[in-house]
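Visitor: I'm new to reading protein models. Could you walk me through one?

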Amino acid sequence: MGNKLYTTLFALGAFILLVTHYLDNYSHPETLIPYPYKVSYGLPLDYQQISDSNVLIVGDRMGKYFAKFKDLFLSEGSKNLTTTLKLYDWSEDNEPIYRTIAKLKALKKLPPIVIYHGASTELYETHFNVSDKKIIKDNFEIYKDPVLVSAMMALPFLSRLLYSRPQIITIDGNSPAKESDEIFASAKMQINMELKYKLYETEVEQLIKLVQKRKSHPILVTTPINYLEPAKSTCANATTPSVESKLDEIEQLFSNGDYKTAFVEADELSKVAVGNSKVLFWLGKLFKYTGNNRAALKTLKTSAALDCSSWRGSPIFNAIISKKTKSLGAKLLDFDSIVYQQYWNEDLFLDSIYPNNQYYEQASEIMSKYINELVQTKM
């Protein structure tokens, strides 16, 4: 009798908790992917031009700059075709991938080829609350479960039971992205970036599947990163006054041309100041000056990945793009690798963001082959 009563009370309590959880979330829409934001986007004014194009470029400033070379990869891409291909550049400065997805979803028809080149301004605007870290992470753990996802696809109302609801950020996709006015302490920035990487992995997958579902071909382009440009911020948990003092000594040794001693000091310091982007930057730079280019590039990439600021792209975004294109059968143009495929130096980039034009020309030649191959399958 007692055991039955306990079982009944437990089942009743669980039922009440589920109902309470459902009612708490009733005002939120049903959703399969638990994004902590909502982007609205109406049909664009230039819809007809977009629909009439053969190739569409989307993304942020990286896409806009790459589009300057459209004549090069379109003329080559049009070889053996009866008409010259049309390209529409729909990329925008400071456009994160979730805005790009909203734009593509608003179109009734996609051009045969969609090129995505972005990931350099993903944290430009606020699109989630860092205080909701646990909710966001827990929700995406649920989303990773194929059984639960299948259940939510069959019975959408289950999302209200399974997901907890963070504060939803509403974004007007028809208005330009608004720069975040929040200044993050380095510890908070680490959380911010951790969450963004988690979101970005799902966003890239969604973009690829969306384009493929519309019977178009996605081509994703990695973002070239100027690894000889130092990180702008070191995360607070990776530095101390003594580490900063030792870095000053290393910089002085470098300035004096004593690269070997500076390298020894930087190598020793990297074993103590684990995860310090500035220490790794100097170690990577000194690897280069002592002739070990392979170790230099590897170390400088790690330094860029640990940059506790969001002013450029990241090797982590590039790794996600590479991983998702491979697993989902999309085309990848690894622009970052093109820039660093040979001996490299300070002349690889025009500035801190854009590679020299010769690398854009090389990337355009590869892109033209992709376009020619893919368009012929669609025409």
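Guide: Happy to! Let's begin with a term: a residue counts as buried when its relative accessible area is under 20%, and as exposed when that value is over 50%. Keep in mind that this is a predicted model.

Visitor: Is Asn-226 buried or exposed?

Guide: Asn-226 has a relative accessible area of 11%, so it is buried. You will find Asn-226 in the loop between β6 and α10 (241-255).

Visitor: Which residues is Asn-226 in contact with, leaving aside its neighbours within four places in sequence?

Guide: With those neighbours set aside, Asn-226 touches Arg-312, Tyr-340, Phe-349, Asp-351 and Ser-352.

Visitor: Now the sheet. In what order do its strands come?

Guide: Read across the sheet rather than along the chain. Here five strands form an open sheet in the order β3-β2-β4-β6-β7, with parallel pairing. At the edges are β3 (87-89) and β7 (331-333); each has a single partner strand, so one side of each lacks a neighbour in the sheet. From one strand to the next, the twist averages 20 degrees.

Visitor: How many bridges join β6 and β7?

Guide: Three bridges, in the parallel sense, link β7 with strand β6, which covers residues 217-221. Across this pair, Leu-220 stands opposite Leu-332 in β7.

Visitor: Which strands does helix α14 touch?

Guide: Helix α14 (residues 315-328) packs on the sheet and touches β4, β6 and β7, with its direction at about 150 degrees to that of β7. Look also for helix α5 (residues 97-106), which lies across β2 (55-59) and β4 (113-117) and runs at about 145 degrees to β2.

How values were computed
Residues numbered from 1 in each chain as written. Predicted model: local features only at pLDDT ≥ 70, side-chain atom pairs only at ≥ 80, totals over all residues. Heavy atoms only, no water. Pairing = 2+ DSSP bridges. Helix = DSSP H or I, 4+ residues; strand = E, 2+ residues; numbered from the N terminus. Axes fitted to C-alpha atoms, helices over the stretch in contact; angles between N-to-C directions. Contact = heavy atoms within 4.5 Å. Buried < 20%, exposed > 50% of the residue type's maximum accessible area, 1.4 Å probe, protein only.
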